[in-house]
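Here is a short briefing to read with the structure open beside you. It starts with one residue and its surroundings, then steps back to the whole chain before visiting a few other spots.

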Amino acid sequence: MNFRETLASGRLLLLDGAMGTMLQASGLPAGMSPERFGLEHPEVITRIHQSYLEAGCDIITSCTFGANPFKLDPKLDLVTFNRTMVACARQAARNVGREAYVAGNLGPSGHFVRPLGDLAPEALIEAYARQTQALVDAGCDLLLIETQFDLAEARALVCAVREVCDLPVIVSMTFESGLSLTGSTPEIFVETMQNLGVDLMGTNCSLGPDEMAPVLRRMASVRQGTLFAEPNAGLPELRGNETVFPLDAETFAQKTAGFADLGVQVLGGCCGTSPKHIACLAKALGQGRRIATLNNEHAGICLTSRSRLVRIAHDAPFCLIGERINPTGKKVLSRELAEHCFDQALRYADQEQEQGASVLDVNVGAPLVDETVLLPELTELLTARVQVPLALDSSNTEALKRALPYCPGSSLINSISGEGTRMQELGPLCRRYGAPFVLLPLQGADLPETAAERIRILQELLRKTEDLGIARRLILVDILALTVSANAQSARECLKVLDFCRQEQLPATLGLSNISFGLPARELLNATFLSMAAGRGLCSCIANPASGRVREAVAAVRVLAGQDARAEAFIADYANWQSQAEASAKSQQEAAAVKDLGDCVLAGDLEHVTQFVEAELAKGLAPLSIVQDILIPAITEVGSRYERKEYFLPQLIRSAETMQQAFGKLKPLLEQSHEQTERPVVIMATVEGDIHDIGKNIVSLMLSNHGFDVVDLGKDVPARTIVESARAHKASLIGLSALMTTTMVRMEDTVRLVQAEGLPMKVMVGGAAVTEGFAKQIGADGYSPDAVMAVRLAKKLVSQADNPARDA
């Protein structure tokens with residue numbers, strides 16, 4: 001029975017536990033990579049797999065977590081290593097004499113994809129396709145993508161796997177305080193993976209069973225199927241010089257076995273677990289333990305960005321899709337796009353998001369424009385700038401193909417019709433990227449004016465989607481609004497198509513302004529028809545959110561359809577309502593625009609910050625005043641919004657980069673005028689043996705924006721190098737980072753060396769596995785869980801170093 005058949009049978013499956021701690025117990029020397037050790041001692045890898053199989057595992061994971069092109073030692077051959085590790089797992093199964101599934105393990109790259117980082121998504125997909133091919137050729141049964149911290153990378157890895165094979169895929173993301181590192185909720189993660197057609201999804205690492213249970217409950221609330229879970233053996237503690245996970249095997253098993261009641265079908269262990277933990281878990285689950293059935297069959301589509309989830313369905317709040325980023329009838333936007341300029345498009349995006357659009361339609365189809373270049377570029381800019389999902393609107397298949405990799409979640413494709421080969425070209429593309437699409441009832445040269453014609457075309461297109469293996473959860477029907485000025489029955493025909501969509505449980509949308517083309521008082525007609533159509537089952541519309549009447553109609557529909565609990569949103573927006581829609585819309589447009597340098601930093605407007613700095617200088621403002629009175633307060637407010645969870649990591653990084661660019665413009669002027677005050681020096685480093693530096697890089701960026709001179713030593717840095725650099729630069733502070741539990745103990749080396757040599761600088765620590773208790777235990781001066789808190793801590797520690805009496 002293959003893995004998909006076993007999943008479909010409902011049988012509960014056991015996965016193995018930790019590999020790193022088992023390797024250490026088997027003689028992995030300090031400082032040697034697990035990959036090199038495994039290649040030199042394959043018999044050790046086989047023995048560890050065998051011990052897990054003897055404990056009762058059904059699935060063993062290849063020792064290839066770090067065997068991707070970004071992390072694997074370049075001296076090791078990627079293909080040979082991945083094949084050897086799968087062969088070790090296969091040999092272990094033969095040794096115990098029973099069938100077992102081998103999961104080819106794909107770990108994180110350690111990079112952020114553009115625009116959050118510097119890695120092109122196409123390069124990420126290509127790199128993981130290489131590793132996947134090696135794992136598949138070696139004979140693995142399924143692929144396990146685990147310990148993911150960014151939605152964009154998780155999605156890219158699924159796409160990479162799908163380029164190579166159709167093997168089952170499990171994807172697992174890590175969460176802390178209910179969010180991934182880049183701000184995605186468990187619900188956003190699950191819905192995005194469901195759109196991608198992933199076989200199983202869940203969570204691993206970071207949390208023990210008690211802390212993981214709430215995350216799994218949230219996943220279970222939206223999952224249409226079963227889940228996957230690998231908790232740690234509790235949260236790490238430092239005992240002496242050793243990092244330990246406190247849950248013994250029996251306690252771990254008792255707590256983890258209950259996950260079956262949350263719909264978890266595949267259970268295993270992560271950090272701190274061993275064959276004993278898995279054996280106890282097998283015993284706790286017993287024979288015939290049933291998995292809870294998750295019944296979350298929602299008709300409709302789900303769109304996602306890193307931090308937003310938008311459902312478009314008959315039982316979801318009415319969705320307004322902003323239409324303004326479209327050059328049709330817009331001379332300024334058309335001219336700018338032809339000049340490869342996005343200023344107006346970005347202004348529209350800011351305004352539409354401020355005015356309540358839940359999704360932004362993006363069309364760059366102006367004359368003399370190469371959409372294959374402009375659409376991916378604008379998509380990349382917008383994903384860095386706005387939080388709402390995008391709708392990529394183009395008739396150019398190649399442009400959509402190039403833009404889709406830059407969407408971190410599930411974006412909408414507008415649209416697929418029955419014209420030419422559009423379904424054959426775009427249908428598989430949408431399936432591969434998990435991109436819902438607008439299904440447009442067009443076929444041939446004539447517009448279908450009657451509902452009967454449109455329904456016939458829709459039925460034919462729906463049959464084609466079934467033949468292509470496209471799930472209904474990716475389909476949003478456009479009911480095709482035609483102007484009533486040409487045909488008085490056009491609105492009535494639309495309503496008949498809505499009846500068909502409701503019967504088929506298909507969500508529906510329309511281009512709202514088409515209904516009133518050629519008539520006066522278009523806003524009045526548009527808003528009235530929107531209300532009529534919503535009553536018959538319309539779920540969304542593509543419209544101008546600057547229209548006061550349209551916004552009012554949407555808000556009223558949500559209340560009257562029971563989609564706005566206790567009318568809270570309506571009351572918040574319309575408590576002081578006056579019938580002056582146009583004036584209100586104009587006021588909101590003006591409020592949404594970036595007005596000054598402070599707004600620019602808050603909005604992360606990297607493209608225009610230099611212009612705003614120059615404008616402040618032209619007013620006669622001194623460079624130091626710009627820094628102290630505008631830039632520092634703005635970036636401080638960004639930090640506050642991050643702490644209030646109004647901003648997430650992408651917005652934090654974007655604003656920090658904007659601030660950095662502004663300071664770069666001012667720095668030469670500050671030096672010339674001798675205004676620049678002396679900045680305290682901080683040494684930043686990832687400790688020896690650890691090659692992860694994303695968190696450290698973010699902290700470095702934030703510190704440099706808050707008045708520190710940052711000397712970044714990079715990753716895998718010995719304690720002696722860190723201390724010598726701190727001495728040479730007369731540093732006030734050392735910041736240490738570590739991701740892995742096996743390397744965070746090396747932080748103490750630096751702390752002890754600073755103390756032994758009597759140096760005055762303070763030491764702060766941070767990282768995924770680091771805790772405040774650990775920091776105190778090793779003698780560090782402070783601990784920070786994130787970049788915003790790191791800035792606050794750094795200022796406090798530097799102040800203490802300058803004023804020792806405060807420590808008393």
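Which residues does Thr-174 touch, not counting residues up to four places away in sequence? In this predicted model, the list runs Thr-147, Gln-148, Phe-149, Leu-179, Ser-180, Thr-203, Asn-204, Cys-205 and Ser-206. Thr-174 itself sits in the loop between strand E5 (169–173) and helix H8 (186–195).

**Thr-174 and its partner Cys-205**

- Thr-174 has a relative accessibility of 10%, and it counts as buried because the cut-off for that class is under 20%.
- Cys-205, one of the residues that Thr-174 touches, belongs to the loop between strand E6 (200–204) and helix H9.
- Cys-205 is also buried, at 15% relative accessibility.
- The backbone of Cys-205 deserves a look: its phi is near 65°, a positive value in a residue other than glycine.
- For context, most residues other than glycine have a negative phi.

**How confident is the prediction?**

- The mean pLDDT of the protein is 91, and 96% of the residues reach 70 or more.
- Residues 581–588 call for caution, with a pLDDT below 50.
- That stretch still has 12 contacts in the model beyond near neighbours in sequence.

**The whole chain**

- The protein has 808 residues, and its radius of gyration is 28 Å, which agrees with the value near 28 Å for a compact globule.
- Its C-alpha trace spans about 85 × 75 × 50 Å along the principal axes.
- The secondary structure comprises 31 helices and 25 strands.
- Of the 808 residues, 58% are buried.
- Among contacts with a separation of 6 or more, 75% join residues that are 24 or more positions apart.
- The exposed area is about 31,800 Å², with carbon and sulfur atoms supplying 50% of it.
- Charged side chains number 75 positive and 96 negative, and the centres of these two sets lie 2 Å apart.

**Two buried loop residues**

- Val-222 is placed in the loop between helix H9 (209–220) and strand E7 (227–230).
- With 11% relative accessibility, Val-222 falls in the buried class.
- Leaving aside neighbours within four places in sequence, Val-222 contacts Glu-187, Val-190, Glu-191, Gln-194 and Asn-296.
- Val-222 and Gly-773 are 551 residues apart along the chain, and their C-alpha atoms are separated by 36 Å.
- His-706 is found in the loop between helix H27 (694–705) and strand E22 (709–712).
- Is His-706 buried or exposed? It is buried, with a relative accessible area of 11%.
- Outside its neighbours within four places in sequence, His-706 is in contact with Ile-632, Ile-635, Thr-636, Val-791 and Lys-795.

**Residues with more open surroundings**

- Asp-467 is part of helix H17, which covers residues 451–467.
- At 68% relative accessible area, Asp-467 is exposed, because that class begins over 50%.
- Between Asp-467 and Gly-322, 145 residues apart along the chain, the C-alpha separation is 32 Å.
- Ala-521 lies in the loop between strand E19 (508–509) and helix H19 (522–535).
- A relative accessibility of 48% makes Ala-521 partly exposed.
- Ala-521 has a phi near 50°, a positive value in a residue other than glycine.

**Cis peptide bonds to check**

- As a reminder, most peptide bonds are trans.
- Which residues does the cis bond with omega of about 5° join? That bond links Arg-114 and Pro-115.
- Pro-115 lies in the loop between strand E3 (101–106) and helix H6 (121–138).
- A cis bond also runs from Asn-414 to Ser-415, with omega near 10°.
- Ser-415 is located within strand E16, which spans residues 412–416.

Definitions and conventions. Residues numbered from 1 in each chain as written. Predicted model: local features only at pLDDT ≥ 70, side-chain atom pairs only at ≥ 80, totals over all residues. Heavy atoms only, no water. pLDDT = per-residue confidence, 0-100. Contact = heavy atoms within 4.5 Å. Helix = DSSP H or I, 4+ residues; strand = E, 2+ residues; numbered from the N terminus. Rg over C-alpha atoms; globule rule 2.2 N^0.38 Å. Buried < 20%, exposed > 50% of the residue type's maximum accessible area, 1.4 Å probe, protein only. Areas by Shrake-Rupley, 256 points an atom, 1.4 Å probe, with all protein chains shown as cover. Lys, Arg positive; Asp, Glu negative; His and termini not counted. Charge placed at Lys NZ, Arg CZ, Asp CG, Glu CD.
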